[in-house]
Amino acid sequence: MDIIEILRSASKLVYENVKDLPGTEEAVAGDFGRGAGGDISRNIDIIAEKTVVDYFKEINFECTVLGEECGKVELSSNPKGFVIMDAIDGSANAVRGVPFFCCSLAFATDDKLSSITDAAITNLSTGDIYWASKEKGAFLNDKPISVHKEKPLYKIVGINSSGTSPELLKRLSPIYEKHHHVRHFGANALEMALFAQGLIDIFIDLRGKIRVQDIAAGYLLIKEAGGLILDENLEPLDSDLNYETRLSFVAATNKEILSEIFSLIK
Ligand code: IPD
Ligand code: CA
């Protein structure tokens, strides 16, 4: 089975196993402490991760899993690469029942974002799967997708403003003043998928807080959908896959919108 098929199948199983949990007490039942990524693990996170790892074991997928909650799980002494897993991205939305959270899975051959070859992000409210393979394009279910190419009627600016410092908020405030369609939905991976689908024109997360698990699949999806994915210095984004790594990034449809927005906040 192709790696992309494995990721898609695993995320389909996650959808089946968690679809009745959002907003219920079962989503938060039990005490699992903090996961490898540093956040409190919830039952729904644990069920979703177990679904993926059990499936990989069942099909004997020789890889090393880098899970947000479970940490590094070596499923073979001769792994083909790493699966970077955020089995539930947007956990707070999932726990409250806000229908915006997803399962994010990426496969990398090396300890680098730039070595990601396959990615799947599943909207766990609808079951829709966004996926991409290196140099083969990006898709939503069976249809090819791309970033928005035309001049948009409404320019949608995504900004992750959760837990932003007062200094960063002040720096970003000219964007809020100038643009009337600023959005923040609460699940970075799914926001990156909407960007790749052409529904958001620029997405900014300059908090220096995002983990590799939250953006690995979105990284490839955006590249394959024709978008720019850059670091805080507006250089091509790359990083190692360490648990301690925290990133900032900007996804933009083209250089024009990038200059327009960044001229406001320099
Ligand atoms: C979170 C989401 C959220 C972002 C947080 C992440 P999680 O991931 O991506 O949008 O603001 O920084 O931690 O914890 O729900 O997997
Ligand atoms: Ca998570």
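How are the donor residues of the calcium ion (ligand 2) spaced in sequence? The spacing is E-x17-D-x1-I, in a predicted model where local features need pLDDT of at least 70, side-chain atom pairs count only at pLDDT 80 or more, and totals for chains, interfaces and linings use all residues. Residues are numbered from 1 along each chain as its sequence is written, chains are lettered from A and ligands numbered from 1 in the order in which they are written, and side-chain values use heavy atoms, with hydrogens and water left out.

**Calcium site**
- Glu68 (OE), Asp86 (OD) and Ile88 (O) are the protein donors of the calcium ion (ligand 2), at 2.3 to 2.6 Å from it; donors are N, O and S atoms within 2.8 Å of the metal (3.2 Å for Na, K and Ca), and sites may look incomplete because water is not among the atoms.
- Glutamate 68 and aspartate 86 are both buried, that is, under 20% relative accessible area (1.4 Å probe, protein chains only).

**Largest pocket**
- The largest pocket holds about 540 Å³ of space, where a pocket is an open set of points on a 1 Å grid over the protein atoms alone, at which a 1.4 Å probe fits, with protein on both sides within 12 Å along at least five of seven lines, and lining residues have an atom within 4 Å of a point.
- Among its 25 lining residues, Asp39, Gly90, Ser91, Gly186 and Arg211 are the closest to the centre.
- Domain 1 (3–141) and domain 2 (157–262) each give at least three residues to this lining, the domain bounds coming from an automatic or database domain assignment.

**Second largest pocket**
- The volume of the second largest pocket is about 160 Å³, and its lining includes His148, Lys149 and Glu260.

Conventions. Buried < 20%, exposed > 50% of the residue type's maximum accessible area, 1.4 Å probe, protein only. Points joined across faces, edges and corners; volume = space filled by probe spheres on them.
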